[in-house]
Amino acid sequence: MSSPRRSVDGRAAASGAGAGGGGSPAHGSHGGGSIRFEFQALLSNRSPGAEPSAARLRASESPMHRRGSFPLAPAAAPQPPPPPLPEEDCMKLNPSFLGIALSSLLAIDLWVSKRMGVCAREKSSWGSARPLMKLLEISGHGVLWLAGTAYCLYQSDSWAGREVLVNLLFALLLDLVLVALLKGLVRRRRPSHNQMDMFFSFSVDKYSFPSGHATRAALVSRFILHHLVLAIPLRVLIVLWAFILGLSRVMLGRHNVTDVAFGFFLGYIQYSIVDYFWLSPFNIPAVFALWSHK
Ligand SMILES: CC(C)=CCC/C(C)=C/COP(=O)(O)O
């Protein structure tokens, strides 16, 4: 009766009965004997020498029995409830309105950014404009701005000039630290179509959120507009430079649109921070005393 061959036939018979009766054999009240027979047969199929009690025990471990839908082994101990799902899994199964809105925004961001990345490769549709985009990249590079500001500070021979330059240096360093912290925290990968051929970058620069060039462009242009007396065309040129630099980051495929948009916002806020903590010979005389020998 419990030969391997008969056990397979027995299972088929049980399933057939269930289907014909309009209910699953596991859940229906008929065919319980078939199910018991099926389990015992299957177990005897695996280990012919196994004891009937062991077979009953293993049958009680089956998923069918765990669900409690069919009393196969009344003597078996009740199974503990499954552990609760981690919270993030629950959120994936039950996304909130905010979650859906955010994922949609990110999907649109990726799609728009990919379409705008027309200079990402030499063979891209605007690939011939890539050298120009890279020139713009250099014009907003942190090394250039830090070295240029430090050099001007060293050369400066007026107290007013030194004050502005010390604060610009402070602003650039603050920007570098905040962007590195955010990049390390958010860890958003650069777009897949980006070619990582940027000159002189930190390890966090493999991440794209926020765009360091965009923060610097917003910070520096706001700084210059506040502290340098310039003719209107030059002021317009500075705003244009910041905007085109941000745009070029997406066209080069370095960033998604949201990286640049947030970068502009952060750079704008950074200037407000620098303005609030403005350094002068009155509040940090030690720094300005460095030039007293001149
Ligand atoms: C090494 C120094 C001083 C600055 C790094 C400048 C840099 C490569 C920033 C990355 O900018 P994006 O985030 O816009 O790509």
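This passage walks through the annotated membrane spans, helix H9, the loop after it and the ligand shell of a predicted model.

We start with the annotated spans. The unreviewed UniProt entry carries the annotation "transmembrane region" for residues 132-154, 166-186, 223-248 and 268-291. In the model, residues 132-154 come out as 91% helix with no strand (0%), and the C-alpha atoms at the two ends sit 31 Å apart. For residues 223-248 the helix content is 85%, again with 0% strand, and here the end C-alpha atoms are 21 Å apart.

Helix H9 takes in residues 159-186. With 28 residues at 1.5 Å each, H9 should span 40 Å, and its end C-alpha atoms are indeed 40 Å apart, so the expected and modelled lengths agree. A good number of its side chains point into the protein's interior by the neighbour count: the buried residues of H9 are Arg162, Val164, Leu165, Val166, Leu168, Ala171, Leu172, Asp175, Val179, Leu182 and Lys183. The cover over these buried residues includes helix H8 (142-155), helix H10 (212-227), helix H12 (257-276) and helix H13 (285-289).

Next comes the loop between H9 and H10. Arg187 follows H9 and belongs to this loop. Although Arg187 is not a glycine, its phi is positive, at about 50 degrees. Arg187 has 12 other C-beta atoms within 10 Å, and therefore counts as exposed. Phe200, in the loop between H9 and H10 as well, is another non-glycine residue with a positive phi, in this case about 45 degrees. Phe200 is exposed because it has 10 C-beta neighbours inside 10 Å. The loop between H9 and H10 also holds Pro210, which is joined to Phe209 by a cis peptide bond with omega at about -5 degrees.

That leaves the ligand. Its shell is made up of 15 residues, and the closest are Gly142, Ser201, Ser211, Gly212 and His213. Both H8 and H10 put at least two residues into this shell, with H8 giving the largest share, 3 residues. Sorted by class, the residues around the ligand are 6 nonpolar, 6 polar and 3 charged.

How values were computed:
Residues numbered from 1 in each chain as written. Predicted model: local features only at pLDDT ≥ 70, side-chain atom pairs only at ≥ 80, totals over all residues. UniProt positions renumbered as here; feature names shortened; annotations may be inferred. Helix = DSSP H or I, 4+ residues; strand = E, 2+ residues; numbered from the N terminus. Expected span 1.5 Å × (residues − 1). Buried ≥ 20, exposed ≤ 12 C-beta atoms within 10 Å, placed from the backbone. Contact = placed C-beta atoms within 7 Å. Near = placed C-beta within 6 Å. Nonpolar A, V, L, I, M, F, W, Y, C, P; charged D, E, K, R; others polar.
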